[in-house]
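This report describes salt bridges and one pocket in a predicted model. The sequence and structure are shown first.

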Amino acid sequence: MKPYLSVIVKPTLFCNTDCKHCYHTPDQRESRTISISTVEKLMSMVASEYEAAWFIWHGGEPLTLPMSFYKQVIELEEKYFGKNSFRYGNTIQTNGLNLNRRLMAYCREKAINIGVSYEGPYNSVLREGDVQKSLDSLSSKDNKYSVSATISSGTVSHQKEIYEYFRDRGTNISFSPVIPAGCAACNGTVPDADEYIRHSIETFDEWLYDSESKVPLIPHYLYILNYLGEPTPSDCAHTSCLTKWLCVYPDGSLYPCGKACPEEYRMGNINDMASLDEAFSSEGFRNILLASVKRREKCAQCEISRFCNGGCSMDAYYETGTENNGGDSCRIFKALFGHISVEIQKILDEQPDMSKYNLFVRDAIVGKLVNPKNIAF
């Protein structure tokens, strides 16, 4: 059996709001939902071919499907992976509008992670609907979710404020820039790369010296671990994800990524397969694999290529073409990772009083000072 697979499942492309940066254009957001028979086929195949898997329920808006659907999903996971086993896990990535206490209680019971796409006080820049009302309706006991903030041209200069907003609420927060795909391809929501870099570094510096903060800042914290040589994977864009991720659409179509892959990268339909090996042997997968190899060959001489693994193939596809590097996502990572690595190396060299640093930074650095042979540089 293969060791591990991350599976993005889009149970529907329908959404109850109209985000300006959505990977899927309005004409793609059909109301079709994935069938339970397709879900069962997926669970059966993944469980028989992989030792463990993580399922990310995305969309569209996955919570436009009723809770009964997710109860059936869990029953199928327990059937094929084993009840109370550690072979599988789940995350629901939602806009938060349909969250309620009953759902959150069930997610706690079944250890389902909840990720909310939300920009706090700037949420209306990209999204419709009052998600804060839904979040406020949850008791503190129910308040078990993390936030993914998508940074656009309208919020690029407010990254530090967004971090502080969620820090003050004790909510884990991750940042990612809008990419020029789907609706964002031509509506002006993609942020300027240089401005994104400047304010992302500003936010990191705020977090680095925020000794009272109880939340990690993602992906910045993952970049620290990456630089220190931790076995923990970095963010998915910099982990050489091909063969390790799969995306399932409502009709059973398979793609290598959830970022609205083009038809040329389609890997077939799970309902027509006897094994997932067929998907990874498909012409669509071969197309993205060969193009990605060409890009990574061009990256080989870069001083940080071992940390970025050539970046995200789909980001490259929408910025410069899959075979080419040097787009905005490449420039952003290089600048941000470069700044972070300099700051962390300075701490390692000087070994200052660590009490002034963020808790997560203190733990990561102290661990490496105790075990310096593990440091990656």
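## A salt-bridge network

A network of salt bridges links R167, D168, E206 and D210. Within this network, the side chains of R167 and D168 form a salt bridge with an N to O distance of 2.9 Å. R167 also pairs with D210 in a salt bridge, again at 2.9 Å from N to O. The R167 and D210 pair joins distant parts of the chain, 43 residues apart: R167 belongs to helix 5 (residues 159–167), while D210 sits in the loop between helix 6 (193–208) and strand 7 (217–218).

The residues of these two pairs fall into several accessibility classes. R167 is partly exposed, at 21% relative accessibility. D168 is exposed, with a relative accessible area of 54%, whereas D210 is buried, at 11%.

## A salt bridge within helix 12

The structure contains 14 salt bridges. Among them is the pair D328 and R331, whose closest N and O atoms are 3.4 Å apart. Both residues lie in helix 12 (residues 328–350), with a spacing of three residues, about one turn of the helix. D328 is partly exposed, at 30% relative accessible area, and R331 is likewise partly exposed, at 34%.

## The second largest pocket

The second largest pocket encloses about 350 Å³ of space. It is lined by 17 residues, of which N84, S85, Y88, K110 and A111 are the closest to its centre.

Strand 2 (50–57), helix 2 (67–81) and strand 3 (88–94) each contribute at least two residues to the lining of this pocket. The lining comprises eight nonpolar, four polar and five charged residues.

Technical notes. Residues numbered from 1 in each chain as written. Predicted model: local features only at pLDDT ≥ 70, side-chain atom pairs only at ≥ 80, totals over all residues. Heavy atoms only, no water. 1 Å grid on protein atoms, 1.4 Å probe; cavity = no way out; pocket = protein on both sides within 12 Å on 5 of 7 lines; lining within 4 Å. Points joined across faces, edges and corners; volume = space filled by probe spheres on them. Helix = DSSP H or I, 4+ residues; strand = E, 2+ residues; numbered from the N terminus. Nonpolar A, V, L, I, M, F, W, Y, C, P; charged D, E, K, R; others polar. Salt bridge = Lys/Arg side-chain N within 4 Å of Asp/Glu carboxyl O. Buried < 20%, exposed > 50% of the residue type's maximum accessible area, 1.4 Å probe, protein only.
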